[in-house]
Amino acid sequence: MLGLFANVRPCVSYHPFVQTKHPVMNIVIVRENEEDTYAGIEHRQTDEVVQCLKLITRPGTEKIVRYAFEYARYNNRKKVTCFSKTIS
């Protein structure tokens, strides 16, 4: 409803001020907020087991991928990598 589907997380290395194994890291992670785990379709199987149903739609996937490419173009980023953590 609010259009907060994209979680944008810039990740920049502060080398040499902070010791790091990745001194030239400068990436942006764009994560989808409305589908997948946050859909809220869960039920308790036992007192110790809760099952969660993942919902990933084609329109939702296309929307976040399009946003990532537009973000890259607007911010002069040279590369976009898209992936999903779903198991097929």
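A salt bridge here is a side-chain nitrogen of Lys or Arg within 4 Å of a carboxyl oxygen of Asp or Glu. Keep that cut-off at hand for one of the exercises below, and remember throughout that the structure is a predicted model.

**Exercise 1. Getting oriented**

Describe the secondary structure of the protein, its order along the chain, and where the confidence is lowest and highest.

*Solution.* Start with the inventory: the protein has four strands and one helix. Next, follow the chain from the N terminus, and the elements come in the order β-β-β-β-α. Now turn to confidence. Mean pLDDT for the protein is 84, with 86% of residues at 70 or more. Among the elements, helix α1 (residues 58–74) has the highest mean, 91, while strand β3 (residues 36–44) has the lowest, 71.

**Exercise 2. Surface and contacts of the whole protein**

What share of the residues is buried, and what share of the exposed area comes from carbon and sulfur atoms?

*Solution.* Take burial first: of the 88 residues in the protein, 10% are buried. Then look at the surface, where the protein exposes about 7900 Å² and carbon and sulfur atoms supply 56% of that area. To finish, consider sequence separation: of the contacts with a separation of 6 or more, 40% join residues 24 or more positions apart.

**Exercise 3. Finding the salt bridge**

Search the whole structure for salt bridges, and explain how the partners are placed.

*Solution.* The search finds one salt bridge. Its partners are Glu 62 and Arg 58, whose closest N and O atoms are 3.0 Å apart. That distance can be set against the 4 Å cut-off. Now for the placement: Glu 62 and Arg 58 are separated by about one helical turn because they are four residues apart in helix α1. Finally, check the accessibility of each partner. Arg 58 has a relative accessibility of 64%, so it counts as exposed. Glu 62, at 36%, counts as partly exposed.

**Exercise 4. The loop between β1 and β2**

Is Ser 13 buried or exposed, and which polar contacts does its side chain make?

*Solution.* Begin with the location: Ser 13 sits in the loop between β1 (6–12) and β2 (26–32). Its relative accessible area is 14%, and therefore it is buried. A polar atom of the Ser 13 side chain lies 3.3 Å from the backbone nitrogen of His 15. The Ser 13 side chain also reaches the backbone oxygen of His 22, again at 3.3 Å. Beyond neighbours within four places in sequence, Ser 13 contacts Thr 20, His 22, Pro 23, Val 24 and Met 25.

Now compare Tyr 14, which is in the loop between β1 and β2 as well. With 57% relative accessibility, Tyr 14 counts as exposed. Tyr 14 joins Val 12, Phe 17 and Val 18 in a nonpolar surface patch, which has about 480 Å² of accessible area in total.

One more feature of this loop deserves a look. Pro 16 has its place between β1 and β2, and the peptide bond leading to Pro 16 from His 15 is cis, with omega near 10 degrees.

**Exercise 5. Strands β3 and β4**

Which residues does Ile 41 touch beyond its sequence neighbours, and how far is Lys 54 from Glu 35 in space?

*Solution.* Place Ile 41 first: this residue belongs to strand β3. Its relative accessible area of 38% makes it partly exposed. Setting aside residues up to four places away in sequence, Ile 41 touches Gln 51, Cys 52, Leu 53 and Leu 55. For Ile 41 and Leu 55, the C-alpha atoms are 8.6 Å apart, with their positions 14 residues apart in sequence.

Lys 54 is a residue of strand β4 (residues 50–55), and counts as partly exposed at 39% relative accessibility. From C-alpha to C-alpha, Lys 54 and Glu 35 are 7.5 Å apart, although they are 19 residues apart in sequence.

**Exercise 6. A positive phi**

What is notable about the backbone of Asn 76, and where does this residue lie?

*Solution.* Read off the torsion first: phi of Asn 76 is near 55 degrees, a positive value in a residue other than glycine. Then locate Asn 76 in the segment after α1. Last, check its accessibility: Asn 76 has a relative accessible area of 68%, so it is exposed.

How values were computed
Residues are numbered from 1 along each chain as its sequence is written. This is a predicted model: local features need pLDDT of at least 70, side-chain atom pairs count only at pLDDT 80 or more; totals for chains, interfaces and linings use all residues. Side-chain values use heavy atoms; hydrogens and water are left out. pLDDT is the predictor's confidence in each residue, from 0 to 100. Helices (H or I, at least four residues) and strands (E, at least two) are DSSP runs, numbered from the N terminus. Buried means under 20% relative accessible area, exposed over 50%, partly exposed in between (1.4 Å probe, protein chains only). A polar contact is a pair of N or O atoms within 3.5 Å; within protein, one must be able to donate a hydrogen and the other to accept it, and residues adjacent in sequence count only if both atoms are side-chain atoms. Contact means heavy atoms within 4.5 Å. Patches are made of residues with over 30% relative accessible area and no salt bridge: like charges are joined within 9 Å, nonpolar side chains (Val, Leu, Ile, Met, Phe, Trp, Tyr) within 5 Å. Accessible areas come from the Shrake-Rupley method with a 1.4 Å probe; for residues, only the protein chains shown count as cover.
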